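Please open the model in a viewer and keep the selection panel at hand. The tour proceeds by selections, each followed by a description of what is found there.

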Amino acid sequence: MQVLDSSAFINEYHTTDDIASIPMVREELEGEASYRYDADEGSGMHVHIPAGDTVEKIKRAARETGDAEELSETDLRLLAAAFELDGVLVTDDYAIQNVAERVDVAVKVIAREGISETREWTFQCQGCGREFDEHRDRCPVCGMELARKNPA
């Protein structure tokens with residue numbers, strides 16, 4: 001089973017495998033891409049709504065990798081659907097790919113190269129330079145904003 005992100009519909013992705021998606025992907029689409037979603041749904045695409053506890057598991061994994069702030073609610077639910085369906089997630093989104101790797105969800109990319117390594121981001125204060133493992137809106141020491149930093 002392949003679980004399709006919005007990029008699959010935008011890039012006119014085709015497969016002979018069984019496919020699934022979530023209702024929130026449809027809400028992101030416009031024009032011809034939305035018609036492709038509707039056509040696939042009419043042709044038997046499984047529309048899945050993941051369980052709340054699975055979504056929470058994905059959110060925890062996203063916080064662990066440092067991608068939580070980069071992922072939308074749609075992204076989180078799409079990952080949860082792929083996890084529950086034991087499917088291959090079809091996406092070009094790097095943050096989704098990074099979290100998918102953490103939760104052992106296979107990924108197929110469409111128009112871009114896939115990720116070459118997983119990352120656990122750190123966050124650095126733009127004022128005092130201190131680093132933190134978890135994202136916060138402001139530095140607890142000096143109050144300046146934090147920026148995501150590549151840990152490599």
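Contact here means heavy atoms within 4.5 Å. The model is a predicted one.

Begin by selecting S21, which is found in strand 2 (residues 19–21). Is S21 buried or exposed? With a relative accessibility of 0%, S21 counts as buried, because the term covers residues under 20% relative accessible area. Next, display the residues around it: neighbours within four places in sequence aside, S21 is in contact with L4, F9, Y37, M45, H46, V47, H48 and L78. For L4, show the backbone as well, since its oxygen lies 2.8 Å from a polar atom of the S21 side chain.

Move now to helix 6, residues 94–102. Select A95, I96, Q97, N98, V99 and A100, the buried residues of this helix. Against which elements do they pack? Their packing partners are helix 4 (52–65), helix 5 (73–85), strand 4 (88–90) and strand 5 (107–108). At the N-terminal end, D93 serves as the cap of helix 6, with a side-chain oxygen 2.9 Å from the backbone nitrogen of A95. Following the helix, select D104, which has a positive phi, near 60°.

Finally, select strand 6 (residues 122–125) together with strand 8 (residues 146–149); the two run antiparallel and are joined by 4 bridges. Here Q124 has A147 of strand 8 as its bridge partner. Add strand 7 (residues 131–132), antiparallel to strand 6 and joined to it by 2 bridges. In this pairing, F132 of strand 7 stands opposite F123. Strands 6 and 7 form a hairpin with 5 residues between them. In its turn, select G129, whose phi is positive at about 85°.

How values were computed:
Residues numbered from 1 in each chain as written. Predicted model: local features only at pLDDT ≥ 70, side-chain atom pairs only at ≥ 80, totals over all residues. Heavy atoms only, no water. Buried < 20%, exposed > 50% of the residue type's maximum accessible area, 1.4 Å probe, protein only. Polar contact = N/O pair within 3.5 Å; in protein donor to acceptor, adjacent residues only side chain to side chain. Pairing = 2+ DSSP bridges.
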